[in-house]
Amino acid sequence: TLFVTTWRVKNTGNVAWDVNSVDYLYNGGTVLHTQPLYNIPYTLQPGNAINLTVDMISPATPGTYSTIWSIRRGRERYFCNMKLTIIVQ
């Protein structure tokens, strides 16, 4: 089954996240995504929040699955705790 996951993320730092240099990407766990890397949709100023979405496919086999995503600027990771856990019945 196709589904979309959305994380609401806030820039709590003091530097803007530039649309041309900041991405979010698959970092580990179960491969549920249809695409492993996305650009942020627009430049995010400090103190503001953004919705980051990922197109995913649920596994055919019942079980509990987790996937982990992170945000990066160039090769620098901001954090690696955007986690999604699903239960397939």
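# Reading a six-strand chain

Mentor: Let's begin in the middle: the largest nonpolar core here has 20 residues, and those with the most contacts inside it are W7, V9, Y24, L52, W69, I71 and M82. The elements giving two or more residues to this core are β1 (2-10), β2 (22-29), β4 (49-57), β5 (63-73) and β6 (76-88). Keep in mind that this is a predicted model, where local features need pLDDT of at least 70 and side-chain atom pairs count only at pLDDT 80 or more, while totals for chains, interfaces and linings use all residues. Residues are numbered from 1 along each chain as its sequence is written, and side-chain values use heavy atoms, with hydrogens and water left out.

Trainee: What counts as a nonpolar core?

Mentor: The general idea is that in soluble globular proteins, nonpolar side chains tend to be buried together. A nonpolar core is a set of buried Ala, Val, Leu, Ile, Met, Phe, Trp, Tyr and Cys residues joined through side-chain atoms within 4.5 Å. Buried means under 20% relative accessible area, exposed means over 50%, and partly exposed is in between (1.4 Å probe, protein chains only). In this chain, buried residues make up 34% of the 89 residues.

Trainee: How many helices and strands are there in the chain?

Mentor: Helices (H or I, at least four residues) and strands (E, at least two) are DSSP runs, numbered from the N terminus. Here you get zero helices and six strands, so reading from the N terminus on gives β-β-β-β-β-β. As for dimensions, the C-alpha trace spans about 45 × 20 × 20 Å along its principal axes.

Trainee: And contacts? What share join residues at least 24 apart?

Mentor: Contact means heavy atoms within 4.5 Å. Take the contacts between residues at least 6 apart in sequence: 63% of them join residues at least 24 apart.

Trainee: Now charges. How many salt bridges does the structure hold?

Mentor: Side chains of opposite charge can pair when their charged atoms come close. A salt bridge is a side-chain nitrogen of Lys or Arg within 4 Å of a carboxyl oxygen of Asp or Glu. The structure holds one: D23 pairs with R72, and their closest N and O atoms are 3.6 Å apart. D23 lies in strand β2 and R72 in strand β5, so the pair ties together parts that are 49 residues apart in sequence.

Trainee: Are D23 and R72 buried or exposed?

Mentor: Both are buried. D23 has a relative accessible area of 12%, so it counts as buried. Leaving aside neighbours within four places in sequence, D23 is in contact with L37, Y38, N39, I40, S70, I71 and R72. You can also look at C-alpha spacing: D23 and R77 are 54 residues apart along the chain, with C-alpha atoms separated by 9.6 Å.

Trainee: Where is P41 found?

Mentor: P41 is found in the loop between β3 (37-39) and β4. Its C-alpha atom is separated from that of D23 by 9.2 Å, and the two are 18 residues apart along the chain. Not counting residues up to four places away in sequence, P41 touches V19, I50, N51 and L52.

Trainee: What about the end of the chain? Is V88 buried or exposed?

Mentor: V88 is found in strand β6, and at 15% relative accessibility V88 counts as buried. Outside the residues up to four places away, V88 touches S58, P59, T61, P62, G63 and Y65. The C-alpha atoms of V88 and T61 are separated by 7.1 Å, although the residues are 27 apart along the chain.

Trainee: And is Q89 buried or exposed?

Mentor: Q89 lies in the segment after β6 and is exposed, with a relative accessible area of 85%. The C-alpha atoms of Q89 and A60 are separated by 9.1 Å.
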